[in-house]
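Let's take a walk through a protein structure together. Have a look at the sequence and the 3D view first, and then we'll go through it piece by piece.

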Amino acid sequence: MPSINREILNKMNYSKFGIEDFLSDISFQEYCLGNNEQAVAFWTEWLIDHPEKASTIHSAKALYYVLNGNITDENFRADYEIFQKAFGQLSFNPVPHLPSEQKVIPLKRSNVNLVMVLTGIAACFLIVFAVYLFKVKKSKESITNGALSFSSPLGKKKSIILTDGTKIILNGGSKLTVAGNYNISQRDVILEGEGYFDVIHNAQKPFTVHTAKINIKDIGTIFNVKAYATDKTTEASLIKGAVEITLNNKTKSKILLNPNHKLVLLNNKDLNIAEGKKTVKELFIVRKVTKNTDGNSVVETDWTQNKLTFSDQPFDEIAVQMERWYGVKIDIINPDVRAYHFTATFDHEDITQVLEALKLSGNFKYRKEDNVISIY
Amino acid sequence: MEGPNLHKITWLEFKSGSEKALHNLYKQHYLGLINYGIKFSGNRQYSNDCIVEMLLGLWEKRAKLPEVENVRSYLLTCLRTIMLQHIRSDKLRGVKESHAHSLIDHQELSYEEHITKIQTDLIIKDKLTKSLNKLTERQKELLQLKFFDNLDYDEIASRCNISKRTAYNIVYDALKILKDDLKKEGNEDSYYLLSVVSLLLFAMGANIS
């Protein structure tokens, strides 16, 4: 494994090494991309021996991905896996060798009736076109034909494993419809509410989540989709892998999401206002998912771990979240309270504990009667 | 062993039927090919499918393949041929919006525009634009050859008619400028604040229960 810096690296005082020293080294580049096992092994070990350089290495890696066009080691691994699978199928099921010299039967011009040929070609096109139309129509209908529905009531979560092994967790007050032809030629599901998807990759049968506002096409992934009809926004957060999101509006814009990023789309009410202001392009934003203080878990998927998380959210959003979580009804009587912002994580606490905790820092009172909570 | 020679040997082994060489061919040329495909189609997944199709196609007829001097450009040409075939057959089938054209405007983007455009973090995007503006055309060219096209210093040197040492130094100086500009993180303070508030609330919650 050649590199200019390697010889120097082994002799020099590492503590002086900066991002540019690592990054200009070819084996370090291979370590970042993950396409050379020896380079990965060398630098992983090197990092264990030099833990004080961890943050420098981390920054160098980040800059590497900026420069190489955002191709991460995860991207490489996923793509290489596809290559390996394709090759595995090829060697398992060898394609019969075609005779290298195929006989060409020359068309004799004199024997060919031009009108016949043209009619033939036209007929072929018609058939192809008819089949195409039929398929398009069929694929639209078949999502709901013979479909299977799963619902989770407010306050309850539901886990589903589909026939292909794809795992889905539904948050409270959500509904998932699985297409009747699921896993035959494609995999389509319709989501209303919030779901966490761990999809088994299959390039031949693309997996797509349809929601009212966006469609999320998986490319081998774990992701979270939040699409409650009553929320202000539709959100898709990517944890691992890659997804392609298509907006269901006129623009049909496609957005490729990177891991640990989320797309936030304004729902209908705001859409009209935005269009009035002619800021249609700014209808959605892509930003990083919110990490918890432990640095590992992600706020957007905390609910799957039975954690109720508020991340700098106003009380009216929190109230809706709590309604779905505990299956209660929350009335905010004092309008000032709506604007209070809270950040908190609750692990298995009941609703009284949560309200008491929020009460400590917010200036409000509450009354609980059966399943109705009044905030004032 | 240096890049171009390593590539040539891998190619010969590949031609003689080594499966390991086929895998190495994928690994050695992945970055250059995938970025070429993404510039062409705007879609990584699709580009990878084309690379897989191309390599497995070559594997099928490996014995008949020529001994090539520059493996990299040979593979790029093959990839381009496959992608053009797809577009042509899509057109024949009357498919107007195929994945191959979904983000076709990527083709017209320069390297710096491309890497800036795909940054989703607005702060980094902004810093990157400003920092790239400070670099000379030569520095940007070499960054692209090194990190995006994935050439090694020898190939860069011969292509740009400079010495290997000079190639290395140009890349090194450019990296130094970029790293200084991109290093200063802006949002750490707000994260810190968020975690303090969250910790406080957590502690309160714990007291009650």
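Are A:Asp164 and A:Arg187 buried or exposed? Both A:Asp164 and A:Arg187 turn out to be buried. Keep in mind throughout that this is a predicted model.

**Salt bridges**

A:Asp164 and A:Arg187 also hold on to each other: their side chains meet in a salt bridge, with N and O 2.5 Å apart. A:Asp164 sits in the loop between β2 (158-161) and β3 of chain A, while A:Arg187 belongs to strand β5 of chain A, so the pair ties together parts that are 23 residues apart in sequence.

A second pair to look for is A:Arg324 and A:Asp231, whose side chains form a salt bridge at 2.9 Å, N to O. This pair links distant parts of the chain: A:Arg324 is in helix α9 (residues 315-326) of chain A, and A:Asp231 is in the loop between β8 and β9 (233-240) of chain A, 93 residues apart. Here, too, both A:Arg324 and A:Asp231 are buried.

Over in chain B, B:Glu137 and B:Lys140 make a salt bridge at 3.4 Å, N to O. The two share helix α7 (residues 137-148) of chain B and are 3 residues apart, about one turn of the helix. What about their surroundings? B:Glu137 counts as exposed, because its relative accessibility is 57%. B:Lys140, at 9% relative accessibility, counts as buried. Over all chains, the structure holds 20 salt bridges.

**Strand β5 of chain A and its partners**

Chain A has 10 helices and 18 strands, and of its 376 residues, 45% count as buried. Now zoom in on strand β5 (residues 187-198) of chain A. Why can we call β5 of chain A largely enclosed by the rest of the structure? Because 9 of its 12 residues are buried. The table lists strands of chain A that pair with β5(A).

| Partner strand in chain A | Sense of pairing with β5(A) | Bridges |
|---|---|---|
| β3 (residues 167-170) | antiparallel | 4 bridges |
| β4 (residues 174-178) | antiparallel | 4 bridges |
| β6 (residues 207-210) | parallel | 4 bridges |
| β8 (residues 222-227) | antiparallel | 6 bridges |

You can pick out individual partners as well. A:Leu170 has A:Gly195 in β5(A) as its bridge partner, and A:Lys175 stands opposite A:Glu192 in β5(A). A:Arg187, which we met in a salt bridge with A:Asp164, has A:Phe207 in β6(A) as its bridge partner. A:Gly193 is matched with A:Ala227 in β8(A).

**Another strand, and a loop**

Strand β15 (residues 329-332) of chain A has two faces: A:Ile330 and A:Ile332 are on the covered one, and A:Lys329 and A:Asp331 are on the uncovered one. β15(A) runs parallel to strand β18 (residues 372-375) of chain A, joined by 4 bridges. Across from A:Ile332 you'll find A:Ile375 in β18(A).

For a loop residue, try A:Lys291, between β13 (284-288) and β14 (307-314) of chain A. A:Lys291 is partly exposed, with a relative accessible area of 32%. Leaving out residues up to four places away in sequence, A:Lys291 touches A:Asn260, A:Asn296, A:Ser297, A:Val298 and A:Val299.

Chain B offers a loop residue too: B:Asp121, between α5 (111-117) and α6 (122-134) of chain B. With a relative accessible area of 17%, B:Asp121 is buried. A polar atom of the B:Asp121 side chain lies 3.0 Å from the backbone nitrogen of B:Ile123.

**Where the chains meet**

How many residues of chain A are in contact with chain B? There are 55, and they meet 60 residues of chain B. Between them, the two chains bury about 5700 Å², with 65% of it on carbon and sulfur atoms. In chain A, A:Glu20, A:Leu67 and A:Phe83 lose the most area to chain B, together 13% of what that side buries.

The interface of chain A and chain B has 4 salt bridges. One of them joins A:Glu20 to B:Lys179, with the closest N and O atoms 2.9 Å apart. A:Glu20, B:Lys179 and B:Asp180 are linked in a network of salt bridges. There are also 19 residue pairs in polar contact between the two chains. Helix α6 (residues 73-92) of chain A supplies the largest share of the side of chain A that touches chain B, 11 residues. By class, that side of chain A has 29 nonpolar, 18 polar and 8 charged residues.

Key
Residues are numbered from 1 along each chain as its sequence is written. Chains are lettered from A and ligands numbered from 1 in the order in which they are written. This is a predicted model: local features need pLDDT of at least 70, side-chain atom pairs count only at pLDDT 80 or more; totals for chains, interfaces and linings use all residues. Side-chain values use heavy atoms; hydrogens and water are left out. Contact means heavy atoms within 4.5 Å. Buried area is the accessible area (1.4 Å probe) that two parts lose on being put together, summed over both. A polar contact is a pair of N or O atoms within 3.5 Å; within protein, one must be able to donate a hydrogen and the other to accept it, and residues adjacent in sequence count only if both atoms are side-chain atoms. Ala, Val, Leu, Ile, Met, Phe, Trp, Tyr, Cys and Pro count as nonpolar, Asp, Glu, Lys and Arg as charged, and the others, Gly among them, as polar. Buried means under 20% relative accessible area, exposed over 50%, partly exposed in between (1.4 Å probe, protein chains only). Two strands pair if DSSP finds at least two bridges between them.
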